[in-house]
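Reader: I keep running into labels such as "oblique" and "buried". Can you walk me through how they get assigned?

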Amino acid sequence: MESRPRTVVDLFAQQVRIRPHAPAVRTRERSWTYAEFDRATARLAHRLRRAGAGPGTVVGLVAPRGAAALTGLVAVLRCGAACLPLDPGDPPRRNREVLDDAGCEQVLVAAPTEWCPEALLMGDLDDMANPGPVDEGTSALPRPRPLDLAYAITTSGSTGRPKIVGVPHEGIHNLIVASIEDLDLIRADDVMLWTTAPTVDSTMHDVLMPLCAGACVAIGDDADLPASRILVTVRALGVTALEIPAAVLGPYGQALLPRLAQAGVRLVITGGSQLDGLGLADSPPLVVVNGYGPTEASVAATWYRCTTSTPSWVPIGSPVRGVRAYVLDDDLRPVPVGAEGQLFIAGAGLARGYLGLPGRTAAVFLPDPFARTPGTRMYATGDRVRLQPDGDYVYLGRIDDQVKIRGFRVEIGEVEHALRECAGAVDTAVLLREDAPGGAAIVAFLVGERSSAEVMTGQLRDRLPSHMMPRFFVWLDEMPLNRAGKVDRKVLAAMPVGDPVRRA
């Protein structure tokens with residue numbers, strides 16, 4: 001009797017057996033069936049095994065988004081190792097430091113890389129996918145266990161050196177099973193467009209979820225898939241589901257979603273930052289689902305399905321199966337429903353911690369005092385939330401997003417929300433700039449129909465107290481985004497600031 005699938009490798013193997021001739025991966029040039037993709041990833045996995053990769057090891061993957069990167073990711077998982085994606089465009093010194101910190105002895109590359117000449121070159125996907133013996137004379141590939149690491153993802157560190165989050169199979173497997181069985185995020189007849197960078201943790205969900213459900217992963221030609229190109233790619237590849245960052249969907253969703261629905265898209269997944277927008281449920285049958293979760297909690301711990309009654313400040317929803325969420329005060333005591341507190345996450349989705357950094361791991365992965373099993377941990381997210389009576393959580397901002405100016409504490413998210421309600425403002429981000437002319441000031445960066453500072457201030461007077469009012473308004477053609485699809489606040493922090501608002 002076959003055992004129940006316990007890892008993403010098990011789920012993928014199950015789909016290969018069930019639907020070997022169904023499309024698994026699609027580009028504009030060609031597609032690969034589950035049987036072909038199975039052969040390609042198995043051959044590469046055997047090569048990795050001969051090179052020394054396997055359970056307990058971490059393999060670096062240096063490749064841009066594409067069929068080669070997807071093949072490399074699945075092959076690393078199938079050889080029993082954990083995959084650490086790196087951006088080939090990042091500085092070589094940074095990539096080398098990350099590989100060293102993670103203890104990577106093997107590196108897989110899509111193209112020859114000068115700074116890592118010892119790396120294993122993947123080879124041609126079509127050649128690997130051809131029929132024939134997978135790898136004569138080799139033993140069967142190992143089956144990873146639920147607590148083995150599946151992947152590692154870098155996050156920015158306050159010391160200037162990235163932290164590396166190690167996530168076990170248990171966490172991503174739990175999310176994918178919930179996505180298939182509970183959330184309707186993927187169906188066997190779906191074509192899921194891969195839109196995120198390989199180095200972003202949501203990639204693990206967006207590409208592994210379809211392959212674990214019998215669906216197809218579609219890969220476009222564009223390097224960054226801006227909103228202006230998404231529609232073209234969707235039509236060309238027959239896409240039915242995709243992820244769009246909240247930083248893009250919030251300001252542009254009302255114009256983009258109806259066109260996606262007409263092109264055959266049934267589902268848009270979003271997340272990465274606070275979703276703030278209207279009309280997200282106005283394009284049936286297309287549905288928008290908002291996910292929330294730090295990298296340390298296996299991509300997304302909570303989900304919310306938008307409806308016609310969803311407020312413009314979109315909730316982050318409720319936890320998926322196997323995940324627990326607590327709202328606690330500074331003394332780690334539960335706060336009443338409706339009260340504000342820090343969100344802590346526990347259960348199946350937790351990462352193992354930061355690789356090579358036991359002290360930093362212990363500082364945020366704390367003993368869970370509410371768990372029945374001794375030794376259970378919970379993760380301190382650093383996010384302020386409120387639990388509503390209906391069971392949905394509302395994100396209120398980062399604990400460290402509170403800034404202090406003229407003796408007042410100011411919530412950056414509240415200022416941004418008020419600005420988005422102003423006529424003409426399509427998108428906005430707010431920073432406290434210590435280097436502003438005249439001293440520290442709240443600066444609003446906006447995209448949309450430009451208005452004078454006096455007009456903007458007039459609209460905000462009914463929404464914000466005087467101490468939360470921006471002193472500078474900077475209009476941009478577009479909001480800068482980082483590779484994770486979030487507003488790049490480092491870029492905004494370096495932009496020049498002009499004349500302040502003249503107050504009567």
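**From values to labels**

Author: Sure, let's begin with two helices: the axes of helix α1 (residues 8–18) and helix α2 (residues 34–50) come within 9 Å and cross at roughly 135 degrees. This is a predicted model, where local features need pLDDT of at least 70 and side-chain atom pairs count only at pLDDT 80 or more, while totals for chains, interfaces and linings use all residues. Residues are numbered from 1 along each chain as its sequence is written, and side-chain values use heavy atoms, with hydrogens and water left out.

Reader: Why are α1 and α2 called oblique to each other?

Author: Angles under 35 degrees count as roughly parallel, over 145 as roughly antiparallel, 65 to 115 as roughly perpendicular, and the rest as oblique. The crossing of α1 and α2 is at roughly 135 degrees, so α1 and α2 are oblique.

Reader: Which residues of α1 and α2 meet?

Author: Phe12, Gln15 and Val16 in α1 meet Tyr34, Phe37, Asp38 and Thr41 in α2 (contact means heavy atoms within 4.5 Å). By class, that's four nonpolar, two polar and one charged residues.

Reader: What makes Pro284 exposed?

Author: Exposed means over 50% relative accessible area, buried under 20%, and partly exposed in between, with a 1.4 Å probe and protein chains only. Pro284 has 65%, so Pro284 is exposed. You'll find Pro284 in the loop between β12 (267–270) and β13 (287–292).

Reader: And which residues of β12 are buried?

Author: Leu267 and Ile269 on one side, and Val268 and Thr270 on the other, are all buried, which leaves both faces of β12 covered.

Reader: How do you know that β11 and β12 pair?

Author: Two strands pair if DSSP finds at least two bridges between them. Strand β11 (residues 241–243) and β12 have three bridges, in the parallel sense, so by that rule they pair. One bridge partnership is Leu242 with Val268 in β12.

Reader: What makes β24 and β26 edge strands?

Author: An open sheet of three strands runs in the order β24-β25-β26, with mixed pairing. β24 (425–433) and β26 (472–476) each have a single partner strand, so one side of each is left without a neighbour in the sheet. Strand β25 (residues 441–448) pairs with β26 in the parallel sense over five bridges, and Phe445 stands opposite Val474 in β26.

Key: Helices (H or I, at least four residues) and strands (E, at least two) are DSSP runs, numbered from the N terminus. Axes are lines fitted to C-alpha atoms, for helices over the stretch in contact, and angles run from 0 to 180 degrees between N-to-C directions. Ala, Val, Leu, Ile, Met, Phe, Trp, Tyr, Cys and Pro count as nonpolar, Asp, Glu, Lys and Arg as charged, and the others, Gly among them, as polar.
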